[in-house]
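Okay, thanks for coming, everyone. Let me put this one up on the screen and talk you through it.

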Amino acid sequence: MLARPERAWFLRDAVELAPLLLGAVLAYDSDDGRVAVRLSEVEAYRGVGVDPGSHAFRGRTPRNAVMFGEGGHLYAYFTYGMHTCLNIVADRPGTSGGVLLRGGTVVEGLALARTRRPRSSERDLARGPARLAQALGVPLARNGSDLLASPFELAVPVEPLPHLTGPRTGISGAGGAVAYPWRFWLPGDPGVSAYRRHPKSH
DNA sequence: CACTAGATCATCT
DNA sequence: GATGATCTAGTGA
């Protein structure tokens, strides 16, 4: 059972918010149509000084400014010279936190998602943060958008779903892995990405 | 399945 | 100047 959340629903710590988003459905309307994804994997990132893996760890910069705003907005960033990743901003203004959308399954607009990722199997359409962003068709220019307003539509589970917890993926050094088990996923869901340790960590 | 190299550039040091 | 909240295509078991 899903419902449209109120703004206040997002005004909590990222680690608390992240698991509540599992099973949520995020839709995005673009000129060529609508794609919706059901979230099966997320990661929490916390704020200044407390989370070495977070973009906000060293304080506010032009890129991460949105994370310091109000919960329920979109933090989109560009990485590896080619990929976009999407986060849902957590908590109230002044604090910084976000939930990275790591994977999901396409539940609406399957044909359109396929044209955006023509070489992908159906399972891989939104399995992985950059794949998910590409399948939804959300451009970097939407950074800072309110996810509670058009062209977005977000519905979240009324009751939290059973989930598993583990180390975050792709983070190097002290910010990664075991010290911060802030990755959450729906067990057995096909939209859960393969775990990959960071290339730098042997 | 596991592992690796290469792509490619905004961001921060 | 180095790095990165990644992905794809390739090889080999």
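I'll start with the DNA, then move to one helix and then to the salt bridges.

Quick housekeeping: this is a predicted model, where local features need pLDDT of at least 70, side-chain atom pairs count only at pLDDT 80 or more, and totals for chains, interfaces and linings use all residues. Residues are numbered from 1 along each chain as its sequence is written, chains are lettered from A and ligands numbered from 1 in the order in which they are written, and side-chain values use heavy atoms, with hydrogens and water left out.

So, which residues sit around DNA strand B? They are Arg 58, Thr 61, Arg 63, Phe 78, Tyr 80, Gly 81 and Met 82, where being near a strand takes a heavy atom within 4 Å of it. By type, that surface splits into 3 nonpolar, 2 polar and 2 charged; Met, Phe and Tyr count as nonpolar, Arg as charged, and Gly as polar. On the DNA side, 67% of the strand B atoms within 4 Å of the protein belong to sugar or phosphate, and the rest to bases. Thr 61 puts a polar side-chain atom 2.3 Å from a phosphate oxygen of DNA strand B. With Tyr 80, a backbone N or O atom lies 2.7 Å from a base oxygen of that strand, and for Gly 81 the corresponding distance to a base oxygen is 3.5 Å.

Next, helix 3, residues 129–136; helices here are DSSP runs of H or I, at least four residues, and strands are E runs of at least two, numbered from the N terminus. Helix 3 is mostly covered, with 6 of its 8 residues buried, and buried means under 20% relative accessible area, exposed over 50%, partly exposed in between, with a 1.4 Å probe and protein chains only. Among the buried ones are Leu 132 and Leu 136. Right after the helix comes Gly 137, with a positive phi near 80°.

Now, how many salt bridges are there? The count comes to 16, taking a side-chain nitrogen of Lys or Arg within 4 Å of a carboxyl oxygen of Asp or Glu. Arg 183 and Glu 41 make one at 2.7 Å, N to O. Arg 183 lies in strand 9 and Glu 41 in strand 3, so this pair ties together parts 142 residues apart in sequence. Both residues are buried. Another salt bridge joins Arg 131 to Asp 124, at 3.8 Å. Arg 131 is partly exposed at 26%, whereas Asp 124 is buried at 19%.

Technical notes: A polar contact is a pair of N or O atoms within 3.5 Å; within protein, one must be able to donate a hydrogen and the other to accept it, and residues adjacent in sequence count only if both atoms are side-chain atoms.
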